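Colleague: I would like a close look at a single part of this model before I turn to the rest of it. Please take it slowly and keep the description connected.

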Amino acid sequence: MMRDIRAARVAMAALMVTAVGVPLMEAQSATEQGVIAFQQGHYLQASRLLADAVRANPHDEHARTFLALTRAATGHCPEAVSDLTDRFQQSGDPDLARLAGLALAQCLVTQGDTAKAVSIAGQLEARYPDDADVLYQAARVHMRAFNDATRRMFEKTPASYRVNQLSGEIFETENKFAEAAAEYRKAIEKNPRALNLHFRLGRAILLESHSPEALAKAQKEFEAELALNAEDPAAEFQIGQILDAGGRREDALAHFQKALELSPNFPEAALAVGRIRVQDKQYAEAIPLLERVVAAQPRNEAAHYSLMMAYRNSGQMDKARREQQELQKLQHPPEGEFTDFLKRLGEKAPEK
Amino acid sequence: MKAPAFAAALALLAAAAPGPDFRDIGKQAGLTASFPNGGATSKAYIIETTGSGVAFIDYDNDGYLDIFVLSGDGGTNRMYHNDHNGHFTDVTAELGLTSSGWAEGVCAGDYDNDGYTDLFVTYWGQNRLYRNVNGKRFEDVTAKAHLTQDRVRYNTGCAFLDYDGDGHLDLFVANYLKFDFATTPKAGSNPYCFYRGMAVNCGPRGLPFEKNLLYHNKGDGTFEDVSERSGIAKAEGHYSLAVLAEDVNDDGRPDIYVVGDQTAAMLFINQGDGTFSEEAVMRGVAFDENGRELSGMGLASADYNGDGLLDIFRSDFSDERSLLYRNAGNGQFDDVTMAAGLGHNTRFVNWGCAFLDFENSGWKGLVIVTGHVFPEVDRQNIDIHSRDRAILYRNTGKGAFEDISEHAGPAILERHSARGLAIGDIDNDGTLEILANNQNEPPSLWKQSHPAAGHWLLLKLIGSRSNRSAIGARVVLSAGGHTQVDEVRSGGSYLSQSDLRLHFGLGSAVRADSIAVRWPSGQKTVLRDVAADRILTIPEQP
């Protein structure tokens, strides 16, 4: 409970900073005084002032919203949820609706109603797609939902191969690839016919090592996946990559082409086929394929680069230069984008 | 192109000869001093990671290669004189080369055309130009030559080249970044200070970029910084490490290729008017095949496929591929790494690299030394190690390479955290040796236990109208129907200098049918019917 209240307070503190549109002029009314008290973190005082304001005028939207936010911030979610839901759904002020939605999602998580919290997070994301607070709250809600579902699975079906599969996937996110592979092997032992386990095992082996031995082991796993599911384009593609790395380009090409047949919109497979066609000077086949990838994925740097090289090698220099420019735009996005921010860090004097 | 008769002869040769068997003779040769280079089990700052280069030069013109090894802070660079008997003697002090500080790279060239090879050593801080005084001592002429600079510069690779064809060697110096102990963040203090979840030393991302430098040799013993005027300084935002100066588009003028850490590589095409145009992306040497920036460490060049064009190999970081760019003509390159069979060794951090014909077959193989920048990686129990073995590829003669690392002698399998690498023939027997700088250890000197099977020629070029070192001279040699091309280069590999003499394996051919030299001056020399298995000095006609 203490942790939930603290989480709510921290969340509300973040909202205060970003509570744009809230009047900050010299406080006149109880509502204004209450909002300022809320913003300063004086929740008891805010609660009293805002309750007075709502009693005086039940239609005071600001007072009702901030009273609910104050209650949420002080751990009184059961009293706050109804008003927060109403304010999130009904408020004509997008800033107030956003604040109410964020607090509502937090409250629902606190109350253990993760399913509803996920729903609210989804609505928030739809209405405020570029809002960092909204995206942060959505990430937390989904993480909570993931943790809840995982706990239930471990409690209710501890012997299931799915427990091992999920454990493997979690180990992968922690870069513990050997442990992940061990879990996938246990899962395969429990359910040898289950799809995707051999694929995940093969991938974990590759993430662990690219030694020739690891490549051979991984290839066996992808082949085992294909034995269960002959039409798995990802497994075909992985085998192609392993063969390519081993210098067996023609064999690799067959697998890349099969992957592309199975999944015509598989960009990596299309790029792999396109590149090999370029190396073989088969530009008439390569260029339309690469153009298709660029059209489908205009932000795909690898596709622009491959197409640039194809145009260059086929003597279409104007088109090659155009692709170079597109690539440059993607690699050096306009100021303000996160990737550029990361890149520009290199130009700053280091902090002490 | 390869002739059938030559290929058949090669096949016979390969069947008869044992494979290469490299042994480390460093200790018995007298290379026993250890060279400090930052922490061995943990590194607090990026300056400890980049290590130092090595050089094979004949400083006293006695016809035998001497060895120069650079040191990190806490030691001195050392020159070892070749005693002509398999042993080297440390002559550092008597030559005036005792030093301190973080030495990074070395390149050689006779910048004053007095007949003795001079040395340029790059540093974090002040670089040093050592003028070779009659092979008897080296004089630090840095200030006199107008080469003093800002102390936070982190200079790395370097190369002498005569970019304007005036017969005087100019100087290119790559710069990694601006580094200062006082202001560089501590390990783990920002997202750029982690590797595989471990807090490690910070950088290069997050540290300020630095520009590369081009100095013009004024011919009076001084240099002038022409980085801005030449267009070199226009290329910003790179963490530059290795330099390859050669004529990539075969127009008779030296170009400059630079790879760097986590940033696109640069290819400066010499415009012939004192300026350069950076064209790496369109020429196909900026990225990998995905258009992705890699961490380029070392550079090597050779005509690996016998088409008369110089191709480029770059060594890269672990989890990246070290790339082979095939020269398709006119200085345009294609990434042929996978097709050439070089795609599988991605667990190593690769550094010094060189093409070398270790069998004298007429086809140059490839050697790479490795070692991780984060010793902390050993705690992870994965197959990436702070000290690791080298990689040796045999050139199949069919446009591809075969990894023979596991079967090429114990030296290749020794585990070191190696950085600089150079190639040279220390005993003039036509079989090449390999020198590597190992962090916090003595250097490695690898020699084969038996001579290479094929015939050979070692060419020493001496310029007259061109620079005396003949740097930039291009040689086309034909023997037994097989034509090879190479160029005299300063710098290269990773911060290192290989033998300035050009080595050619001739396979079963006992004579070279022709040797054509195109000097930097534009002059040409052609020799015909040259007997093999010897060192041949070729002077440029005045």
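In what order do the four strands of the open sheet in chain B stand, and is the pairing parallel or antiparallel?

Modeller: Bearing in mind that this is a predicted model, the four strands form an open sheet in chain B in the order E6-E7-E8-E9, and the pairing is antiparallel. Strand E6 (103-109) and strand E9 (137-140) of chain B stand at the edges, and each has a single partner strand, so one side of each is left without a neighbour in the sheet. From one strand to the next, the twist averages 25°. At the E6(B) edge, the partner is strand E7 (residues 118-123) of chain B, to which E6(B) is joined by five bridges, the two running antiparallel. One residue pair can be followed on the structure: B:Gly109 has B:Asp118 as its bridge partner in E7(B). As a general point, strands of a sheet pair through backbone hydrogen bonds, either parallel or antiparallel.

Around the sheet, the wider setting may help you to find your way. The largest nonpolar core has 210 residues, and those with the most contacts inside it include B:Phe172 and B:Val243, together with B:Tyr257, B:Ala265 and B:Leu421. Although these five belong to chain B, the largest share of this core, eight residues, comes from H17(A). Leaving aside residues up to four places away in sequence, B:Phe172 touches B:Cys158, B:Ala159, B:Leu161, B:Leu214, B:Val243, B:Ala245 and B:Ile256. Apart from the largest core lies another, of 41 residues, among them A:Ala30, A:Leu49, A:Ala80 and A:Ala105.

The contact between the chains takes 31 residues from chain A and 30 residues from chain B. On the side of chain A that touches chain B, the elements giving two or more residues are helices H12 (212-228), H13 (233-245), H15 (267-279), H17 (301-313) and H18 (317-331) of chain A, and the largest share, six residues, comes from H17(A). The residues of that side divide into 11 nonpolar, 10 polar and 10 charged.

Finally, A:Ala80, named above in the core of 41 residues, also belongs to a helix pair in chain A, where helix H4 (residues 61-73) and helix H5 (residues 77-90) have axes that come within 8 Å and cross at roughly 145°. The crossing of H4(A) and H5(A) is left-handed. Among the residues that make this contact are A:Arg64 and A:Ala68 of H4(A), and A:Ala80 and A:Asp83 of H5(A); the residues of the contact divide into five nonpolar, one polar and five charged.

How values were computed:
Residues numbered from 1 in each chain as written. Chains lettered and ligands numbered in written order. Predicted model: local features only at pLDDT ≥ 70, side-chain atom pairs only at ≥ 80, totals over all residues. Contact = placed C-beta atoms within 7 Å. Nonpolar A, V, L, I, M, F, W, Y, C, P; charged D, E, K, R; others polar. Core = buried A, V, L, I, M, F, W, Y, C linked by C-beta atoms within 7 Å. Buried ≥ 20, exposed ≤ 12 C-beta atoms within 10 Å, placed from the backbone. Pairing = 2+ DSSP bridges. Axes fitted to C-alpha atoms, helices over the stretch in contact; angles between N-to-C directions. Left-handed = near helix turned anticlockwise from the far one by under 90°.
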